[in-house]
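The following exercises concern a predicted model. Each task is followed by a solution that proceeds step by step.

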Protein chains: 2
Amino acid sequence: MSTDLPPASGAPTLEDVARVAGVSRATVSRVINGIRNVAPEIQEAVHRAIAATGYVPNRAARSLVTRRTGSVALVVSGAGDAKGGEPFETRVFADPFFGRVAGGVVGYLRPRSIHPVLMLADSAQTRDDVVSFLRQGSADGALVVSTHGEDPLPKLLVDAGLPAVLWARPARPIPISYVDLAHRAGAALAADHLVARGCRRVATISGPFDVPAAQDRLSGFQEAMARHGHPYVPAVEGDFMPASGEAGMHRLMKEHPDIDGVFVANDLMAQGALLALRDLGRRVPEDVAVIGFDDSPAVACRPPLTTVRQPMEDMAAEMARLLLAHIADPNFQVTSVIVQPTLVVRESA
Amino acid sequence: MSTDLPPASGAPTLEDVARVAGVSRATVSRVINGIRNVAPEIQEAVHRAIAATGYVPNRAARSLVTRRTGSVALVVSGAGDAKGGEPFETRVFADPFFGRVAGGVVGYLRPRSIHPVLMLADSAQTRDDVVSFLRQGSADGALVVSTHGEDPLPKLLVDAGLPAVLWARPARPIPISYVDLAHRAGAALAADHLVARGCRRVATISGPFDVPAAQDRLSGFQEAMARHGHPYVPAVEGDFMPASGEAGMHRLMKEHPDIDGVFVANDLMAQGALLALRDLGRRVPEDVAVIGFDDSPAVACRPPLTTVRQPMEDMAAEMARLLLAHIADPNFQVTSVIVQPTLVVRESA
DNA sequence: CATGGGGTGGAGAGCGCTCTCCGATTTCGC
DNA sequence: GCGAAATCGGAGAGCGCTCTCCACCCCATG
């Protein structure tokens, strides 16, 4: 075998490998894709030829016929024209939340040789870009993380019949799979803990009201406190950023100086709240107990933060799993997975 | 015109559009790609046909003939078998550093309709995967961020003749374009500021010695201090994580209780150092002045951190720009861009 | 000894697009 | 008014791969 000339020019193709191995293109394709039986000695010869030529299959050509690309879009969708001066991409990636989701997705996809393509959708134009991207066959499906509940992208995807999985339940029900946390249960965990440790005057700093998760954490907390006999819980709205937690805490303490416990809707704001309490000379947890939400490893607090743990990496991996299922089987049942949070007790409460 | 049948089945193809518009495939291709002159009324007809059919060009087919994909790999390369228990993807994405780089890259690429594909290379296997990915024609080039100076990936890329641009100068010189910061100059800025504000006993917490940038910041700082008449600067090594900054600060203060100024090699560690100083009852900046490095917006400190600003987003955008240049012109000159840092004076020094 | 069937490899038809010729039509120069 | 140049659309050859036939060989069976 291996009679003749190495690849003519440019990258070696299947044809080249076939020639070197002394077999046909089809046979080489068979051994590469492991379909049907090929005599062992021929397989051997083909493998040698592949090694000899340094052959790598061309993705575009394969993709053209299989109608699969081996990549999925990882899209962060939100409003670009927000108040802040920073461009959307800067805000998105600065958020540890995104990092954890990306990490979870990559952790699941990587062993399966699927690659995520990063996309941002913050305007009608860019949302259409995402849809086009998928319709072009540039990716097999989309993993969508929306920063706001009213995001129109999920519906566009559903209408176009494209495989997609969402992070979190959409504001209005549409037939699409998603993975979400039991936010109310998490908030209740915090309420129970605060009450159990003896807090009598409890308040909360919530996330933006237009984010369903924030609403759920707020109302879940209020309901749980009501069950404990505290029908009124002072609440201020934050934006999930540290500065808003700080400002919110100041406002709360000014209006209700006797507060002895606070549930903050995420760790970033809790960090800000801690700073505010320190400035006000309140000890944590002796004077005021603080519970955060998320359990972000990146957020270092003083004292270490008691928080409701959201297993983001696992949830992200679950999204990826669902998406691959939808891609593999177009009739795969629309599914929603709700993950249960746990309370991580450290020192702040 | 528009005589007949809409697209046969499945997604409409060029052929379908051509039929509806009453022209040939080639003509439709021409108007889509804007090559050569096509009579205005025909262009008009083609556009109507495209709208009517809902045509979207197939990426794979186009890519097969143009040998371009319109995407680039964004690879984070480092050692997977590090001490820590966390998987590589978790550590990478938790780091605000990565987020800023990704933001800068996306900000530049997005308006140009190029999409970044996220890849992690933390073992020989995964490094080969990156090379294969590019050789397959799955991406037109690579943007590589290495967490360690001795990363073998850049050389693999160069040897394979693949377009690539690095974040930071490689440990040993290889012919590849990169974007880096003038670390020594940045460290000198910190030294000058510390001396100018009257610090007499200055120390530093450096990054890991196997990261060239950390070395440069350390030696740059030491040299600048020497110029100011302080030949000896106590130094401890950290790992760029907050906990190591905290531990390092404790060690420094124990061994040299009279320290009145510290230069910390990144903001995350500076945050830890600030915590340690507070625990030790030292006021910042009155007792000890602290200067960080990076100017990470995500790192909220008390007091606000004086730091050496590294314009990561701009640097990342520059990487992307260089990469596109290399892709467009294979003979594009290997280039290194060195960006000058600035000192951002806030309250900690 | 003829017939049938399972296992194996080859031939060849596309997948949807780009792009190079080429031919047809119009316009211009002398 | 005629040939040449300029303009513009079509035909068709691939790009590199997968996959469906189909031909073939070998062995078991009646």
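**Exercise 1.** Determine the order of the strands in the six-stranded open sheet of chain A, and state which strands stand at the edges.

*Solution.* Step 1. The strands of this open sheet in chain A follow the order E7-E6-E8-E9-E10-E12, with mixed pairing. Step 2. Strand E7 (235-237) and strand E12 (342-344) of chain A each have a single partner strand, so they stand at the edges and one side of each is left without a neighbour in the sheet. Step 3. From one strand to the next, the twist averages 20°.

**Exercise 2.** Describe how E6(A) and E8(A) pair, and identify the helix that lies across E6, E8, E9 and E10 of chain A.

*Solution.* Step 1. Strand E6 (residues 202-206) and strand E8 (residues 261-264) of chain A are joined by four bridges in the parallel sense. Step 2. Val202(A) has Gly261(A) of E8(A) as its bridge partner. Step 3. The helix lying across these strands is H12 (residues 267-279) of chain A, which runs at about 155° to E9(A).

**Exercise 3.** Is helix H1 of chain A largely enclosed or not, and why?

*Solution.* Step 1. A residue counts as buried if 20 or more other C-beta atoms lie within 10 Å of its own. Step 2. The residues of H1(A) that are buried are Leu14(A), Asp16(A), Val17(A), Arg19(A), Val20(A) and Ala21(A). Step 3. Because six of the eight residues of H1(A) (residues 14-21) are buried, this helix is largely enclosed by the rest of the structure. Step 4. The cover over its buried residues includes H2 and helix H3 (40-53) of chain A. Step 5. Just after H1(A), Gly22(A) adopts a positive phi of about 75°.

**Exercise 4.** Which residues are closest to DNA strand C, and which elements give two or more residues to the surface near this strand?

*Solution.* Step 1. DNA strand C is surrounded by 27 residues, the closest being Asn37(A), Ala39(A), Thr13(B), Leu14(B) and Ala61(B). Step 2. Helix H2 (25-33) and helix H4 (59-66), in chain A and in chain B, each give two or more residues to this surface. Step 3. Sorted by class, the surface near DNA strand C has 15 nonpolar, nine polar and three charged residues.

**Exercise 5.** Characterise the side of chain B that touches chain A.

*Solution.* Step 1. Contacts link 43 residues of chain B with 43 residues of chain A. Step 2. H6(B) supplies the largest share of this side of chain B, seven residues. Step 3. Its classes are 22 nonpolar, 14 polar and seven charged residues for the side of chain B that touches chain A.

Conventions. Residues are numbered from 1 along each chain as its sequence is written. Chains are lettered from A and ligands numbered from 1 in the order in which they are written. This is a predicted model: local features need pLDDT of at least 70, side-chain atom pairs count only at pLDDT 80 or more; totals for chains, interfaces and linings use all residues. A residue is near a molecule or strand if its C-beta atom, placed from the backbone, lies within 6 Å of it. Ala, Val, Leu, Ile, Met, Phe, Trp, Tyr, Cys and Pro count as nonpolar, Asp, Glu, Lys and Arg as charged, and the others, Gly among them, as polar. A residue is buried if 20 or more other C-beta atoms lie within 10 Å of its own, exposed if 12 or fewer, and partly exposed in between; C-beta atoms are placed from the backbone. Two residues are in contact if their C-beta atoms, placed from the backbone, lie within 7 Å. Two strands pair if DSSP finds at least two bridges between them. Axes are lines fitted to C-alpha atoms, for helices over the stretch in contact, and angles run from 0 to 180 degrees between N-to-C directions.
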